[in-house]
Amino acid sequence: MSIMNTNIEALKKRFLCSDWNDLLIISNELMSIGGDSVLFFFIECLGSKNDKIRNAAALSLRDLSDNRSTVHLFEGVLNPIDPNRCGTIAYALETHDCSYDFLNVFRILFYSNYECKWSAHNILNEQEFLFSEDDLLEVKRMWEECLLTPTLCPAFADSKEGIQDDVDSYLDYLTD
């Protein structure tokens with residue numbers, strides 16, 4: 001094993017048992033080394049039961065902006081370990097190409113916590129998407145379901161107007 005690999009492995013071990021400030025310092029060191037090993041380590045950390053490790057990994061993935069992590073970030077938001085602590089993972093998605101994940105962005109907007117909804121809103125307003133008429137109809141169906149059963153949509157009362165605006169801006173593409 002080379003000295004570089006030994007250093008990376010030592011940093012990874014330190015990362016997994018550090019406090020918040022050290023996590024950020026160590027993640028910066030790992031990012032400066034870079035490479036697939038570091039990327040996949042941060043992706044693996046998204047599955048940690050420790051929210052500080054998950055958040056530091058998500059912030060690192062945000063900075064790395066490597067689209068190979070996009071599917072894992074979506075997984076971390078749509079099937080969170082802790083539904084109340086997945087906002088940083090959603091925030092990380094803002095620097096990734098979500099153009100092929102139109103429905104997943106709307107799933108976050110509808111079914112995730114308030115903080116995640118903000119990231120979904122930002123993604124919907126800052127990125128361009130590939131979507132079909134069927135995708136738009138699915139967005140319409142999901143939103144109508146939320147309107148009928150507001151408990152499906154966390155922070156419904158606080159976010160209803162903003163969500164409606166986002167939905168309307170895309171449903172305008174539906175042809176009559």
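These legends go with three close-up views of a predicted model.

**View A. Ser119 and its surroundings in helix H8.**
Here we zoom in on Ser119, which sits in helix H8, spanning residues 114-126. With a relative accessibility of 4%, Ser119 counts as buried. Its side chain comes to 3.3 Å from the backbone nitrogen of Tyr91. If you skip the neighbours within four places in sequence, the contacts of Ser119 are Gly87, Ala90, Tyr91 and Glu94.

**View B. The largest pocket and its lining.**
This one holds about 150 Å³ of space. Its lining is made up of Val77, Leu78, Pro80, Pro83, Asn84, Cys86, Arg107, Tyr111, Ser112, Asn113 and Pro154. Two helices, H5 (70-78) and H7 (102-111), each chip in at least two lining residues. Sorted by class, the lining comes out as seven nonpolar, three polar and one charged residues.

**View C. Cysteines without disulfides.**
There are zero disulfides in the structure. Cys116 has the sulfur of Cys86 as its nearest cysteine sulfur, 3.3 Å away, and is in no disulfide, because a disulfide needs the two sulfur atoms within 2.5 Å. Cys116 is also buried, at a relative accessible area of 0%. As for Cys146, the nearest cysteine sulfur belongs to Cys153 at 4.7 Å, and Cys146 is in no disulfide either. Cys146 is buried too, with a relative accessible area of 0%. Cys86, the neighbour of Cys116 in this view, also turns up in the pocket lining of View B.

Key: Residues are numbered from 1 along each chain as its sequence is written. This is a predicted model: local features need pLDDT of at least 70, side-chain atom pairs count only at pLDDT 80 or more; totals for chains, interfaces and linings use all residues. Side-chain values use heavy atoms; hydrogens and water are left out. Helices (H or I, at least four residues) and strands (E, at least two) are DSSP runs, numbered from the N terminus. Buried means under 20% relative accessible area, exposed over 50%, partly exposed in between (1.4 Å probe, protein chains only). A polar contact is a pair of N or O atoms within 3.5 Å; within protein, one must be able to donate a hydrogen and the other to accept it, and residues adjacent in sequence count only if both atoms are side-chain atoms. Contact means heavy atoms within 4.5 Å. On a 1 Å grid over the protein atoms alone, a cavity is a set of points where a 1.4 Å probe fits but cannot get out, and a pocket is an open set with protein on both sides within 12 Å along at least five of seven lines; lining residues have an atom within 4 Å of a point. Grid points are joined across faces, edges and corners, and a volume is the space filled by probe spheres set on the points. Ala, Val, Leu, Ile, Met, Phe, Trp, Tyr, Cys and Pro count as nonpolar, Asp, Glu, Lys and Arg as charged, and the others, Gly among them, as polar.
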